[in-house]
Amino acid sequence: MKLFIDTADPDQIRLAHSWGIIDGVTTNPSHVAKTGRSAQELYREILSLIDGPVSLETIGLTAPEIIEEARALAKMGPNVVVKVPIIKEGLKAVKVLSREGIKTNVTVTFSPLQAMLAAKCGATYISPFVGRLDAAGHFGMELVRQIRTIYVNYGFKTEIIVAAVRHPTHVLEAALAGADICTMSIDVLQQLYDHPLTDLAVDIFLKDWAKVPK
Ligand code: E4P
């Protein structure tokens with residue numbers, strides 16, 4: 001499973017990239033707002049940091065607006081993926097963009113039928129928001145399993161990005177469900193490395209090694 005970092009903070013992207021486990025980046029308007037920087041300048045810096053797919057989100061609510069934004073974003077680099085909300089106008093735009101060879105990430109997905117429509121329109125990626133579903137009393141990962149089944153049944157090539165990930169168990173469940181990608185914060189990425197038994201074992205080995213005659 002590919003791992004993406006979900007942030008617009010270049011320092012976090014640099015750090016995660018240095019660990020050697022990052023395949024791509026997803027941003028969104030909230031992440032961009034947190035940086036306090038202009039989107040254009042920020043996007044250029046992020047695109048200079050990583051060769052893998054970088055999702056940049058459109059803001060327009062009509063297909064012509066989304067298409068115009070998407071074409072401009074796609075010109076910023078060969079690895080740009082245009083993030084489009086799963087509204088009717090968004091999917092109209094995705095259909096046009098996919099014919100033009102512009103990669104799309106259809107976002108804010110909360111139902112398997114939305115995901116089926118996105119795949120029919122040629123979406124490159126689909127982003128189900130599992131943590132937000134869990135918080136609303138649903139089983140977010142069940143959505144991922146249903147999307148996987150639909151895509152396998154009909155041979156859709158759209159890749160599933162499990163998003164709104166809150167903890168390592170979401171990452172495990174995503175991998176077991178056969179998701180193509182999981183996108184997460186730097187904190188969750190860090191947690192993937194952590195296990196108290198690993199720390200304990202390293203500590204004991206170092207203490208024992210100190211007893212070995214030199
Ligand atoms: C993914 O592409 C989204 O940016 C992200 O996961 C949004 O989810 P959250 O704001 O609920 O964390």
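This is a short talk on the strands of one barrel and on a single asparagine, Asn 28.

Okay, before anything else: what you're looking at is a predicted model, so please hear everything with that in mind.

Let's start with the overall picture. We have eight strands, and they close into a barrel with parallel pairing. The order is β1-β2-β3-β4-β5-β6-β7-β8. If you take neighbouring strands of this sheet and ignore direction, they are turned by 30° against each other on average.

I'd like to walk you through β5 and its two partners. Strand β5 covers residues 104-109, and it's mostly covered, with five of its six residues buried. On one side there's β4, residues 80-85, which pairs with β5 in the parallel sense over four bridges. If you want a spot to click on, try Val 82, which stands opposite Thr 104 in β5. And how does the chain cross from β4 to β5? The path goes through helix α5, residues 88-99, and this β-α-β crossover is right-handed.

Now the other partner. Strand β6, residues 125-128, runs parallel to β5, and three bridges join the two. Here the pair to look up is Thr 109, with Pro 128 in β6 opposite. Helix α6, residues 112-120, sits in the chain between these strands, and β5, α6 and β6 together make a right-handed β-α-β unit.

Quick stop further along, at β7 and β8. Strand β7 is residues 159-162, strand β8 is residues 181-184, and they pair in the parallel sense over two bridges. One residue to find there is Val 162, whose bridge partner in β8 is Cys 182.

Right, on to the asparagine. Where does Asn 28 sit? You'll find Asn 28 in the loop between β2, which is 24-26, and α2, which is 29-35. Is Asn 28 buried or exposed? Its relative accessible area is 15%, and the cut-off for buried is under 20%, so Asn 28 counts as buried.

What does its side chain reach? One target is the backbone nitrogen of His 31, at 2.8 Å. There's also the backbone nitrogen of Ser 30, which lies 2.9 Å from a polar atom of the Asn 28 side chain. Then, if we leave aside the neighbours within four places in sequence, Asn 28 is in contact with Glu 57 and Lys 83. That second name takes us back to where we started, as β4 spans residues 80-85.

That's my tour; happy to pull any of these up on screen.

Terms used. Residues are numbered from 1 along each chain as its sequence is written. This is a predicted model: local features need pLDDT of at least 70, side-chain atom pairs count only at pLDDT 80 or more; totals for chains, interfaces and linings use all residues. Side-chain values use heavy atoms; hydrogens and water are left out. Two strands pair if DSSP finds at least two bridges between them. Axes are lines fitted to C-alpha atoms, for helices over the stretch in contact, and angles run from 0 to 180 degrees between N-to-C directions. Buried means under 20% relative accessible area, exposed over 50%, partly exposed in between (1.4 Å probe, protein chains only). A crossover is right-handed if, with the strands pointing away from the viewer, the path from the first strand over the helix to the second runs clockwise. A polar contact is a pair of N or O atoms within 3.5 Å; within protein, one must be able to donate a hydrogen and the other to accept it, and residues adjacent in sequence count only if both atoms are side-chain atoms. Contact means heavy atoms within 4.5 Å.
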